Amino acid sequence: MSEKLEFDKIELGYELPSQSKHITQEKINKNAEASLDFNPIHIDPEWCKKINLLGKGTTIAHGMMTLSFMGKIVTDWAYPGGGFLKSLEGKFLYPVRPGDDITNYAQVIEKHPRSDRTSFVVLELWCENQDGVKVGVGEAAVTIPE
Amino acid sequence: MVQEKLPERFEKNFFKYEEKQRSWDDLEVGEVYNTEPFTVTLERIQLYAEGTEDYNPFYFDEEAAKNSQFGGLIAPPTIVVPIVFASLPPDHWAKMPGAINPGQRLEFGVPVRPGDTIYCQSKLIDKYLKRGKKYTVAEFFITNQKQEMVCRWIGGLVLQFQGNEEMIKK
């Protein structure tokens, strides 16, 4: 069991270790099966080419796949330390396509002390592709009961 | 071992119901959707974790999960995605070919656990035009078999029919 997170010891500005993901069509297809989202914009390269989807004519990854990556960087920190994910929010600014390398970042930006074991911190989240373009931004809140 | 059972009406081919899709103009704020409950198996949880490359031991390792703050195996928080897609009718706008996801907000209650039967109430809470695009916003209120809140999900899509001439006219 990892060391418990202690609310008082979490510092504003603390950056979680970044996490990177390489995106392939195979992984997008696997995510479609897992998430039951079979929209052709994700899984039908021929159709995307035919309609020239978003000006490039390729499939795009699920926005919720990006959000799950944004959530994972937080739960990888919070869950082993005894925390709970309270909320997760993401805006998707730029398409994620097969071949992209997406790096996820998270930083503690707010602390909300409470006296009833419901103290929580807010983390700013963002992810960038291999060109440094922000593809997603968001926030997560984590309850730290200790 | 519990076998997963998707609702009978569930359809993987989103094109099959494309012609039954209503246009953004026809959607009415306040309308509610006919959803079906979905029982989440351990296999679905682990398939979802693998599909999002999230190998947290609390989703896979019974012993580690038992000794955690959760007291047993749980699902990743975004497991609500397959739950909602299983629950919604096949001609719902969330399954419109070409719809684009601009962003979502999830507020969590209790985690989903293997064997939970999950219920999803959903209604359209807003629709708007912005920079020439047509947006929808829905609320999904997701609960388990004990009527505990699992998630309140606010989010929507940019709706645009694409490709098929007849549907673009719509």
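**Helices on a sheet shared by chains A and B**

Student: Which strands does α4(A) lie across, and how does α4(A) run relative to β2(A)?

Tutor: α4(A) lies across β1, β2, β3 (101-112), β4 (120-128) and β5 of chain A together with β2 of chain B, and runs at about 145° to β2(A). The angle is taken between N-to-C directions, on a scale from 0 to 180 degrees, with axes fitted as lines to C-alpha atoms, for helices over the stretch in contact. This is a predicted model, in which local features need pLDDT of at least 70 and side-chain atom pairs count only at pLDDT 80 or more, while totals for chains, interfaces and linings use all residues. Residues are numbered from 1 along each chain as its sequence is written, and chains are lettered from A and ligands numbered from 1 in the order in which they are written.

Student: What makes a run of residues a helix or a strand?

Tutor: Both are DSSP runs numbered from the N terminus: H or I over at least four residues for a helix, E over at least two for a strand. α4 of chain A covers residues 63-78.

Student: How do you know that the length of α4(A) agrees with that of a helix?

Tutor: The expected span is 1.5 Å times one less than the number of residues. For the 16 residues of α4(A) that gives 22 Å, and the end C-alpha atoms are 23 Å apart, so the two agree.

Student: Why is α4(A) called largely enclosed?

Tutor: A residue is buried if 20 or more other C-beta atoms, placed from the backbone, lie within 10 Å of its own; 12 or fewer make it exposed, and anything in between partly exposed. In α4(A), 15 of the 16 residues are buried, so the rest of the structure largely encloses this helix.

Student: What makes α4 of chain B mostly covered?

Tutor: α4(B), residues 80-87, has eight of its eight residues buried. Among them are B:Val80, B:Ile83 and B:Phe85. α4(B) packs on the sheet, touching β1, β2, β3, β4 and β5 of chain B, and its direction makes about 85° with that of β3(B).

Student: How do you know that β2(A) pairs with β2(B)?

Tutor: Two strands pair if DSSP finds at least two bridges between them. β2(A) and β2(B), residues 103-108, have five bridges in the antiparallel sense, so they pair. A:Glu89 has B:Arg105 as its bridge partner, and A:Gly90 stands opposite B:Gln104. β2(A) is also joined to β5(A) by eight antiparallel bridges; there A:Phe84 is partnered by A:Thr143 and A:Phe92 by A:Gly136.

Student: What makes β1(A) and β1(B) edge strands?

Tutor: Each pairs on one side only. The open sheet has ten strands in the order β1(A)-β3(A)-β4(A)-β5(A)-β2(A)-β2(B)-β5(B)-β4(B)-β3(B)-β1(B), with antiparallel pairing.

Student: What makes a set of residues a nonpolar core?

Tutor: The members are buried Ala, Val, Leu, Ile, Met, Phe, Trp, Tyr and Cys residues joined through C-beta atoms within 7 Å. The largest such core has 75 residues, and those with the most contacts inside it include A:Val74, A:Val142 and B:Ile83. α4 of chain A gives the most to this core, with nine residues.

Student: Which residues is B:Ile83 in contact with, leaving aside neighbours within four places in sequence?

Tutor: Contact requires C-beta atoms, placed from the backbone, within 7 Å of each other. On that basis B:Ile83 is in contact with B:Phe38, B:Val40, B:Ile118, B:Cys120 and B:Ile142.

Student: Why is B:Glu53 called partly exposed, and why does B:Arg131 count as exposed?

Tutor: B:Glu53 has 16 C-beta neighbours inside 10 Å, which falls between the two cut-offs, so it is partly exposed. B:Arg131 has 5, so it is exposed. B:Glu53 is in the loop between α1 (42-51) and α2 (57-60) of chain B, and B:Arg131 is in the loop between β3 (117-130) and β4 (133-143) of chain B. Phi is positive in each, near 50° for B:Glu53 and near 45° for B:Arg131.

Student: Why is B:Met149 called partly exposed?

Tutor: B:Met149 has 13 other C-beta atoms within 10 Å, so it is partly exposed. B:Met149 lies in β5(B), residues 149-155.

Methods: Contact = placed C-beta atoms within 7 Å.
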